[in-house]
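This report goes through the internal spaces, the nonpolar cores, the cysteines and two single residues of one chain. The sequence and structure come first.

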Amino acid sequence: MSDGRNGSVKQIICIKWGTKFGPEYVNRLHGMIARNITPPFRLYCFTDDGTGLHPDIAIRPLPEFDYKAPERTRGKWPKSRLWGDLGDVTGVVLFLDLDVIVTGNIDDFFEYGDPEDTILGRNLNTPFERMGQTSVYRMWVGKLAPLQDIFRADPQGVADTYRYEQRFVTRNAPGGVKFWPLRWMAHFRLQCVPIFPLNYLKEPRIPRGARIVIFPGNLNPPDAILGRWDEHATPRPPLDHLRAAFGKDRREGLMKHLRHYLRPTGWVETMWRE
């Protein structure tokens, strides 16, 4: 199998389990990749349900990894299934979350660093901690397998210690981790949505140089398109949202309510398609 370089097939992997994300997320991810990569490439979806996926997407079963799921953590620990053997998928792979928006050419994600490097994004929520963000990361298949052994031995203990799977990977990856250049990835809430009060006046923007926009947390592409902070929020025109800050149905504190507003984001709707 290729290592993702020198004109060989670029391998991208994603994971879909449960019902949170439907097949349209994977199909749109495939479409965005196809429009922003120099072929040939292959998207592999590791999933418990391949119904409705585009025929060009390579469907693979979720890798076997028996462990007791942590109960007191917000981390995406099912991603740990991808740290070990991936069957016929070997060599260099680029992992993408299902809810990212590809906004520019991603060829450089395959050329950056050494093929055996584990490369993550920088986590902007922890500016004083050297922590990675696993929405977009590259690895050599199997190199993170030792992390499965550590996690399997005490899943709840590991989750309680590290809280998020990306902190666990950052601190324990064999050989350490490297980070993508800061401009390549943009955090939608932190870097695209204008700060208060400009969030009421201006649509979110794509920062210059961003190739991929990530959506950590509860705000996903459909919410950005509608102009709401999460699936439970009501999309409102700016003045209506300001008036609601003083209404009895306000869901959170005043300042959070004022900050948690965005205008409908046209470029997400344009780019997030098959």
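In this predicted model, the lining of the largest cavity divides into 7 nonpolar residues, 4 polar residues and 1 charged residue. The space inside the largest cavity comes to about 90 Å³, and the count of cavities of 30 Å³ or more is 1. Lining residues of the largest cavity are G121, R122, L124, Q133, W180, P181, L182, M185, A186, H187, Q191 and I214. Two elements, β6 (119-122) and β9 (185-187), each give two or more residues to that lining. Strand β9 has the largest share of the lining, 3 residues.

The largest pocket holds about 1100 Å³ of space. A total of 37 residues line the pocket, and R74, K76, P216, G217 and N218 are the ones that lie nearest its centre. By class, the pocket lining has 11 nonpolar, 11 polar and 15 charged residues. At least two lining residues come from each of β1 (10-16), β7 (132-140) and α5 (165-172).

The two spaces are set side by side below.

| Space | Volume | Nonpolar lining residues | Polar lining residues | Charged lining residues |
|---|---|---|---|---|
| Largest cavity | about 90 Å³ | 7 | 4 | 1 |
| Largest pocket | about 1100 Å³ | 11 | 11 | 15 |

Next come the nonpolar cores. The largest nonpolar core has 45 residues, and L29, I33, L96, V136, F188 and V268 have the most contacts inside it. Helix α1 (residues 23-35) gives the most to this core, with 5 residues. A second core, separate from that one, has 29 residues, including F65, V89, L144 and V158. Leaving aside residues up to four places away in sequence, L29 is in contact with C14, L43, L96, D97, L98 and V100.

How many disulfides does a search of the whole structure find? The search finds 0. The cysteine sulfur closest to that of C14 belongs to C45, at 3.8 Å. A disulfide needs two cysteine sulfur atoms within 2.5 Å, so the sulfurs of C14 and C45 are too far apart for a bond. C14 has a relative accessibility of 0% and counts as buried. C192 is also buried, and its relative accessible area is 1%.

Is L53 buried or exposed? L53 has a relative accessible area of 11%. Buried means under 20%, so L53 counts as buried. In the chain, L53 sits in the loop between β2 (41-47) and β3 (58-61). Apart from residues up to four places away in sequence, L53 touches P23, V26, N27, C45 and I59. L53 and N125 are 72 residues apart along the chain, and their C-alpha atoms are separated by 33 Å.

The other single residue is D223, part of helix α7 (residues 221-226). The relative accessible area of D223 is 3%, which puts D223 among the buried residues because the cut-off is under 20%. Again without residues up to four places away in sequence, the contacts of D223 are N218, R228, D230 and E231. One of these contacts, N218, is also among the residues that lie nearest the centre of the largest pocket.

Conventions:
Residues numbered from 1 in each chain as written. Predicted model: local features only at pLDDT ≥ 70, side-chain atom pairs only at ≥ 80, totals over all residues. Heavy atoms only, no water. 1 Å grid on protein atoms, 1.4 Å probe; cavity = no way out; pocket = protein on both sides within 12 Å on 5 of 7 lines; lining within 4 Å. Points joined across faces, edges and corners; volume = space filled by probe spheres on them. Helix = DSSP H or I, 4+ residues; strand = E, 2+ residues; numbered from the N terminus. Nonpolar A, V, L, I, M, F, W, Y, C, P; charged D, E, K, R; others polar. Buried < 20%, exposed > 50% of the residue type's maximum accessible area, 1.4 Å probe, protein only. Core = buried A, V, L, I, M, F, W, Y, C linked by side-chain atoms within 4.5 Å. Contact = heavy atoms within 4.5 Å.
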